[in-house]
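Colleague: Could you pick one part of this model and take a close look at it with me? I would like to see how it sits within the rest.

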Number of protein chains: 2
Amino acid sequence: MRATVMYGAGDVRVENVPDARLEEPTDALLVVTRSCICGSDLWPYKSMEPTEEGRRMGHEFIGRVEAVGSEVRTVKPGDLVVAPFAWSDGTCVFCREGLQTSCLHGGWWGGTEQDGGQGEAVRVPQADGTLVVLPVEEDDALMPSLLTLSDVMGTGWFAADAANVKPGVTVVVVGDGAVGLLGVLSAKQMGAERIIAMSRHESRQKLAREFGATDIVTERGDEGVERIKQLTKGVGADSVLECVGTQESMMQAIRSTRPGGSVGYVGVPHGVELQGEDLFYSHVRLHGGPAPVRRYLPQLIDLVMKNEINPGKVFDLTLPLDQVADGYRAMDERRAIKTLLRP
Amino acid sequence: MRATVMYGAGDVRVENVPDARLEEPTDALLVVTRSCICGSDLWPYKSMEPTEEGRRMGHEFIGRVEAVGSEVRTVKPGDLVVAPFAWSDGTCVFCREGLQTSCLHGGWWGGTEQDGGQGEAVRVPQADGTLVVLPVEEDDALMPSLLTLSDVMGTGWFAADAANVKPGVTVVVVGDGAVGLLGVLSAKQMGAERIIAMSRHESRQKLAREFGATDIVTERGDEGVERIKQLTKGVGADSVLECVGTQESMMQAIRSTRPGGSVGYVGVPHGVELQGEDLFYSHVRLHGGPAPVRRYLPQLIDLVMKNEINPGKVFDLTLPLDQVADGYRAMDERRAIKTLLRP
């Protein structure tokens, strides 16, 4: 089968790889119908050391079930399903609490051991705990929105959840990538009164406003913090969503939060170091990590089906799988917010 | 008047200083009847650079109101009152939310500008927002317990609160100083089912058990984490109280917490650096800072008066003010848990 392999920074190829197949009785085999490129895929795209082995890419996908192992009960061949960006057994202590990204028997797509989503097919471990059946056909107009539920929409939702967004609060969103934009959408859904998006890109500002942002702040660093304070009676925001993962964005988030407020951070941290003393005197609550998007799937599918949210708008480039490298390049150069891949 | 002044590491003296006096219409003037030495006073005692100016010490005290400014309404001369370790106006946005240690017009005792508690008298700014009248006489047997409410008991309580302690949970307490021990007591009061105290000192282990610890762990570092995992079905504790403030204790706390669990940290961080990536994948909630003990005073006074808690047991040394240096030494050498000072 064909699949995306990254061999080093900037080196993304579509190649023939061994066909995905059932290995365990709890597996399902999916033929991928839609996948996409994640902002977090850009980290290795910028910095990965060259390897001969290569690394299979992609962790967001929708597919048609082709076959299932003997123990799989909740999906069957022919079902159209969405996969979260991590698999999970659905039965361990953490899964039962809705923290599926800490599943005791979970794991991550791609790399050197597993199939990735940016390919023709995927072996899905722990199919019962992982996959959710979609109530639509393969070419439904809602497909882009449903595809975001595998990661970016659920991740934005978790950021808002972790940042304790509630009706009436003031929210700041740091980061105007797809996750940040969908963090705006999530905060709006959760009833935030004021949503301040930090963005310098016109097209992203526009989408942020469409998703519910009430204010745009273009300043960063000290000036950005100053601007947020001006907009929040001098005290800072109740809830701040950190959707980037750099030292600058994390400090921007913490410093934009009022004492007693909360930072929800979902940008995978790269080189972030927090000084204990700064945190201590900031009196800020900090919660984040890999979003348990599996927890939110049923609720978010429902919101998409009812047309209450339209997160698929973050896709502004659609390419066939064979042109995946162009998709990476466009996102890396910030010409595209997010790239959708068709088989 | 006489008061404690620190001139450098290990150099604590009782000296004549200018008499405390009313300066603002919102001030009260207190004659101190009981004060004490805090574990956090040991930080400068260990490391303070020598200065000629000196630094007034003490932030935990009970006193008799001697005089009040013209705008003070809630306390009057003759009242016996307890002061929290920070003053606050009681009316700002943060005070109204119970986060008095972020008060917009608050401040801290001692240093070079303010009176400290380890002296004969104190000028109390923002008296109405700060002081709470005690329903007992000056020599009541409950005095040691009431004195702990000015800091250590409220700080232990906040640690448990910030760590989200609820009925039935498993708690780990890192640190066996007075705050850690009262963190154990707080967790017990909040209904924790299992309370694991990390301690290597027999007398402190004993008090921890008396306050409600169900298990004692003497190991530290990797071994300490391993031991906690063994005691918690391999997953870690729901709530962890960090009551020290070093890199080691903070990492001990984070690594002892289950995914989705919470760390409440109240040890003033000294040189603590957190790696964003560690935090991210730990899926731990982090909250801490200077405890808003003013928030808890009415409730905790009530618990002490009803004899439901007896936090005064942390005092195992009582000295007259003139011997305060001996008190510092005893605590620094860990011969005493906490030193109470009489005038």
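Modeller: Gladly! A residue counts as buried if 20 or more other C-beta atoms, placed from the backbone, lie within 10 Å of its own. On that count, 55% of the 343 residues in chain A are buried. This is a predicted model, so local features need pLDDT of at least 70 and side-chain atom pairs pLDDT 80 or more, while totals for chains, interfaces and linings use all residues. Residues are numbered from 1 along each chain as written, with chains lettered from A and ligands numbered from 1 in written order.

A little setting before the close look. Chain A holds 12 helices and 19 strands (DSSP runs numbered from the N terminus, helices being H or I with at least four residues and strands E with at least two). Its radius of gyration over C-alpha atoms is 20 Å, close to the 20 Å of the globule rule (2.2 Å times the number of residues to the power 0.38), so chain A is as compact as a globular protein of 343 residues. The C-alpha trace of chain A spans about 60 × 40 × 40 Å along its principal axes. Of its contacts (C-beta atoms within 7 Å) with a separation of 6 or more, 69% join residues 24 or more positions apart.

The part I would choose is where the chains meet. There, 25 residues of chain B are in contact with 25 residues of chain A. On the chain B side, the elements giving two or more residues are helix H2 (93-96), strand E15 (257-265), strand E16 (273-275), helix H10 (276-282) and strand E17 (285-288). That side comprises 13 nonpolar, 8 polar and 4 charged residues (Ala, Val, Leu, Ile, Met, Phe, Trp, Tyr, Cys and Pro are nonpolar, Asp, Glu, Lys and Arg charged, the others, Gly among them, polar).

Look now at E16, where the chains also share strand pairing. Strand E16 of chain A, residues 273-275, pairs antiparallel with E16(B) over 3 bridges (pairing needs at least two DSSP bridges). Within that pairing, Leu274(A) faces Leu274(B).

How do the copies relate? A rotation of 180 degrees, with 0.0 Å of shift along its axis, superposes chain B on chain A with an RMSD of 0.0 Å (least squares on C-alpha atoms of residues with pLDDT of at least 70 in both). This is the relation of a two-fold axis. The copies meet through the same surface, because 100% of the interface residues of chain B are also interface residues in chain A.

Two of the interface strands, E15 and E17 of chain B, also lead us inward: the buried residues of H5(B) pack against them, as well as against helix H4 (143-148), helix H6 (178-189), strand E14 (237-242) and helix H11 (293-305) of chain B. All 11 of the 11 residues of H5(B), residues 152-162, are buried, so this helix is largely enclosed by the rest of the structure. Among them are Trp157(B), Phe158(B) and Asp161(B). Just after H5(B), Asn164(B) adopts a positive phi of about 65 degrees.

Finally, the domains of chain A: an automatic or database assignment gives domain 1 (2-151 + 293-342) and domain 2 (153-288). Their C-alpha centres lie 26 Å apart, and their contact takes 17 residues from domain 1 and 17 residues from domain 2. Helix H11 of chain A, residues 293-305, gives the most to the domain 1 side of that contact, with 3 residues.

Definitions and conventions:
Buried ≥ 20, exposed ≤ 12 C-beta atoms within 10 Å, placed from the backbone.
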